[in-house]
Amino acid sequence: MLILGVESSCDETGLAVYDTAAGKLLAHAIHSQVAMHEAYGGVVPELASRDHIRRLVPLARAVLGQAGRQVGELGAIAYTQGPGLAGALLAGAAFAHGLAFALGVPAIGVHHMEGHLLSPMLAARPPQFPFVALLVSGGHTQLMQVTAAGSYELLGETLDDAAGEAFDKTAKLLGLGYPGGPAVSRLAESGVPGRLQLPRPMIRSDDLDFSFSGLKTAVLTLLRGKEPDPQFHADVARAFVDAAVEVLVAKCVKALGKTGMKRLVVAGGVGANKQLRAALGESATTHGFEVFYPEPELCTDNGAMIACAAALALRRRSEIAQAGEFSVHPRWNLEEVT
Ligand code: KG4
Ligand code: ZN
C-alpha cells in the first residue's frame with residue numbers, strides 16, 4: 001500500500017510517499033518556515049498555519065511526482081494529529097482528511113513523537129525492538145521504554161524546559177538566530193572546554209528526569225554585565241553544550257542500566273547535535289550498547305516519519321478511522337498511543 005505522510009505540527013511542512021509492500025520510502029520533501037519566522041525570533045503560530053495551507057498541495061504533488069505515482073494509487077493518508085500548534089495541526093489534518101475522503105481511503109492520525117521515535121526504522125541500519133528511546137526536540141525531552149511499535153512507557157522526562165528549548169534560549173542569550181540549536185553547537189566548537197563551568201542539573205538524581213531551565217539561568221548569569229567578546233561567547237556555548245550533553249548521556253546510560261536494554265534510539269531535532277552524537281558514541285563503547293539515529297535529513301520534522309509510524313500502526317490495529325470527522329490534539333501524551 002502507498003501511504004502519503006503529512007507533517008504540519010510546527011514550522012515545517014513535510015510530505016512523503018511510503019510503500020508498505022516494499023518497506024521503502026519512495027520520496028519526501030520538506031518546506032521549512034525558518035526564514036519566515038526568523039524576523040520574530042520564534043514561531044508565530046498564525047503565520048505557520050497559513051504557510052502550511054499554501055505548501056501542502058504543491059508539496060503533495062511534488063512527492064507524488066518524485067515517486068512516479070498517481071494520487072489515485074494512494075491507499076491511506078497519514079497525518080500528525082498532535083502534539084503541536086493547534087492551527088498548524090488543523091491545516092495538515094484538514095488536508096489529509098479531505099484527500100482521504102475524496103479517494104475513499106483511511107486517514108490515520110499519528111502522534112508526532114511516535115513519528116520521531118520510529119524514524120530510525122527508515123535508516124539503512126534500523127534498530128530491533130525492544131529499545132530505550134531518547135526523544136529530544138524543541139518541546140520534548142523524554143526517555144521511553146519501547147517494547148514494540150505502539151508500546152511506549154515513559155521512564156523520565158524534563159520537569160521544565162526541553163533540551164531543544166534550552167539550546168534555543170541559550171542561542172538567544174548569545175545573540176544567535178533562531179532555531180538556536182545548530183548555531184550554539186557550531187559556536188561551541190571554537191570554545192575552550194573547561195574554561196567556564198556550568199552545573200549539570202539532576203545528573204546525580206536517582207530518577208530519569210531532567211531539568212534544563214536552571215542551566216539557561218546559569219548561562220544568563222555568566223553573560224550578565226560582560227562586554228561582548230567572541231571568544232567568551234564561544235566558551236559560554238561550549239560550557240552549555242558540554243553540560244547539556246553530559247546530563248543527556250548520563251541519563252541514557254542510567255535508563256539502559258535500569259531496563260537492562262542494550263539498544264538506544266535517539267530522535268528529535270537535538271538528536272542531530274554533533275557533540276551529543278560524539279559523547280553517546282564514546283559512552284556506547286565504554287558501556288557496551290548500540291545507538292541508532294534516523295538519517296540526518298529525517299532528524300528534524302518530516303512527513304516520512306509520519307508515514308512510517310502509520311505503516312506500523314496499520315499492521316497492529318484492526319480498526320482504522322475513516323476519513324471525515326476529525327480532531328487534533330495540541331497536547332497529547334505518547335503513552336496513550338497503542
Ligand atoms: O524535532 P524538531 O525539529 O521539532 C520539534 O518537534 O520540536 O526539534 C527542533 C529543536 C529546536 O529546539 C532546535 O534548536 C533543536 O531541535 N536542534 C538542535 C540541533 N538541530 C536542531 N539542537 C542542538 N544541536 C543541533 N544540531
Ligand atoms: Zn519534532
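**Two domains and a zinc ion**

Modeller: Across the interface of domain 1 and domain 2, four residue pairs are in polar contact, with both residues at pLDDT 80 or more. A polar contact is a pair of N or O atoms within 3.5 Å; within protein, one must be able to donate a hydrogen and the other to accept it, and residues adjacent in sequence count only if both atoms are side-chain atoms. This is a predicted model, in which local features need pLDDT of at least 70 and side-chain atom pairs count only at pLDDT 80 or more, while totals for chains, interfaces and linings use all residues. Residues are numbered from 1 along each chain as its sequence is written, chains are lettered from A and ligands numbered from 1 in the order in which they are written, and side-chain values use heavy atoms, with hydrogens and water left out.

Biologist: How many salt bridges are counted between domain 1 and domain 2?

Modeller: The count is zero, so no side-chain nitrogen of Lys or Arg in one domain was found within 4 Å of a carboxyl oxygen of Asp or Glu in the other, as the term requires. On the side of domain 1 that touches domain 2, α1 (34-38), α4 and α10 each supply at least two residues, and α4 gives the most, with five residues; helices (H or I, at least four residues) and strands (E, at least two) are DSSP runs, numbered from the N terminus.

Biologist: What makes H112, H116 and D301 the protein donors of the zinc ion (ligand 2)?

Modeller: Their atoms, NE2 of H112, NE2 of H116 and OD of D301, lie 2.0 to 2.1 Å from the zinc ion, and they qualify because donors are N, O and S atoms within 2.8 Å of the metal (3.2 Å for Na, K and Ca); water is not among the atoms, so sites may look incomplete. H116 lies in helix α4 (residues 112-118) and D301 in the loop between β10 (290-292) and α10 (303-316), so the pair ties together parts that are 185 residues apart in sequence.

Biologist: Why does H116 count as buried?

Modeller: Buried means under 20% relative accessible area, exposed over 50%, and partly exposed in between (1.4 Å probe, protein chains only). H116, at 1%, therefore counts as buried, and D301, at 11%, is buried too.

Biologist: Why is T158 called buried?

Modeller: T158 has a relative accessible area of 14%, and is therefore buried. T158 is found in the loop between β8 (151-157) and α5 (163-173), and its side chain reaches the backbone nitrogen of D160 at 3.2 Å.
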